[in-house]
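Biologist: Before I rely on any label attached to this chain, I would like to hear what each one rests on. Could we take them in turn, setting each value against its criterion?

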Amino acid sequence: MSKWFMSGLVAVACLFGVYLLATALPDKEEVADNGPAFVVPELAVDAEASEQIYQALCISCHGDQLQGGAGPELAHIGSAMTKEQLYKTIKEGRRGMPAFEKRLTEDELLTITTWLASHE
């Protein structure tokens with residue numbers, strides 16, 4: 001008797017989960033209408049400032065030659081990710097990478113983003 005009760009309870013929970021997923025997710029149009037997306041401004045690459053930031057915060061995970069290590073290889077990251085994707089990843093973090101929005105100023109975020117995007 002308890003086996004049937006538990007099976008029924010699991011089935012009801014699964015159906016309730018499917019219902020929540022189907023009704024709680026926003027439509028594509030709602031997501032798209034959240035205003036203009038952030039665009040990283042065009043800046044000249046400041047290699048010296050970028051390398052200082054990289055040495056201070058990134059080298060331990062991404063290696064001294066951008067070859068990777070604990071973090072992914074960045075030598076050709078500019079051809080794999082857009083500037084906006086790089087900016088968001090650095091600012092907010094991703095997977096095992098920490099967020100740097102509280103450790104870098106906006107200018108530093110843009111500087112390192114522009115520099116990494118130039119690595120194609």
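Modeller: Let me begin with a definition: helices here are DSSP runs of H or I with at least four residues, numbered from the N terminus. In that numbering, L86 belongs to helix α6, and I should add at once that we are looking at a predicted model.

Biologist: How many helices and strands does the chain have, and in what order do the elements run?

Modeller: The chain has seven helices and zero strands, so that, by the DSSP runs used here, the elements read α-α-α-α-α-α-α from the N terminus on.

Biologist: Why is L86 called buried or exposed, whichever it is?

Modeller: Buried means under 20% relative accessible area; L86 has 4% relative accessibility, and therefore counts as buried. Its surroundings can be listed as well: leaving aside neighbours within four places in sequence, L86 is in contact with I77, M81, T113, L116 and A117. The C-alpha atoms of L86 and T114, which are 28 residues apart along the chain, are separated by 8.8 Å.

Biologist: Which residues of helix α6 are buried, and what makes you say that they line one face of the helix?

Modeller: Helix α6 covers residues 83–92, and its buried residues are K83, L86, Y87, T89 and I90. Seen down the axis of α6, these buried residues fall within an arc of 165 degrees, and so they line one face of the helix. The general background is that an α-helix has 3.6 residues a turn, so residues three or four places apart point the same way. As for what they meet, the buried residues of α6 pack against α5, residues 77–80, and α7, residues 106–117.

Biologist: What follows α6?

Modeller: α6 is followed by G93, whose phi is positive, near 80 degrees. Two residues that are not glycines also have positive phi, namely L66, at about 60 degrees, and R95, at about 50 degrees. L66 is found in the loop between α4 and α5, and with 11% relative accessibility it counts as buried. R95 is found in the loop between α6 and α7, and its 78% relative accessibility makes it count as exposed.

Biologist: How do you know that K83 and E42 meet in a salt bridge?

Modeller: The criterion asks for a side-chain nitrogen of Lys or Arg within 4 Å of a carboxyl oxygen of Asp or Glu; for K83 and E42 the distance from N to O is 2.9 Å, and by this rule the count comes to one salt bridge. K83 lies in helix α6, whereas E42 lies in the loop between α2 (28–32) and α3 (47–57), so the pair ties together parts that are 41 residues apart in sequence. The two partners carry opposite labels, since K83 is buried, with a relative accessible area of 16%, while E42, at 69% relative accessibility, counts as exposed.

Biologist: Why are C58 and C61 not called a disulfide?

Modeller: A disulfide is a pair of cysteine sulfur atoms within 2.5 Å, and the cysteine sulfur nearest to that of C58, which belongs to C61, is 8.5 Å away, so C58 is in no disulfide. C61 is likewise in no disulfide, and the structure holds zero disulfides. C58 counts as buried at 15% relative accessibility, whereas C61, at 35%, counts as partly exposed.

Biologist: What makes M6 partly exposed, and which surface patch does it form part of?

Modeller: Partly exposed lies between the limits of 20% and 50%, and M6, with 46% relative accessibility, therefore falls in that class. M6 lies in helix α1, residues 2–24, and together with F5 and L9 it forms a nonpolar patch on the surface, with about 330 Å² of accessible area together.

Biologist: What can be said of the chain taken as a whole?

Modeller: Of its 120 residues, 27% count as buried. The accessible surface comes to about 8800 Å², of which 60% belongs to carbon and sulfur atoms. Among contacts in the chain with a separation of 6 or more, residues 24 or more positions apart account for 61%.

Key:
Residues are numbered from 1 along each chain as its sequence is written. This is a predicted model: local features need pLDDT of at least 70, side-chain atom pairs count only at pLDDT 80 or more; totals for chains, interfaces and linings use all residues. Side-chain values use heavy atoms; hydrogens and water are left out. Patches are made of residues with over 30% relative accessible area and no salt bridge: like charges are joined within 9 Å, nonpolar side chains (Val, Leu, Ile, Met, Phe, Trp, Tyr) within 5 Å. Accessible areas come from the Shrake-Rupley method with a 1.4 Å probe; for residues, only the protein chains shown count as cover. Helices (H or I, at least four residues) and strands (E, at least two) are DSSP runs, numbered from the N terminus. Buried means under 20% relative accessible area, exposed over 50%, partly exposed in between (1.4 Å probe, protein chains only). The arc is that of the directions from the helix axis to the C-beta atoms. Contact means heavy atoms within 4.5 Å.
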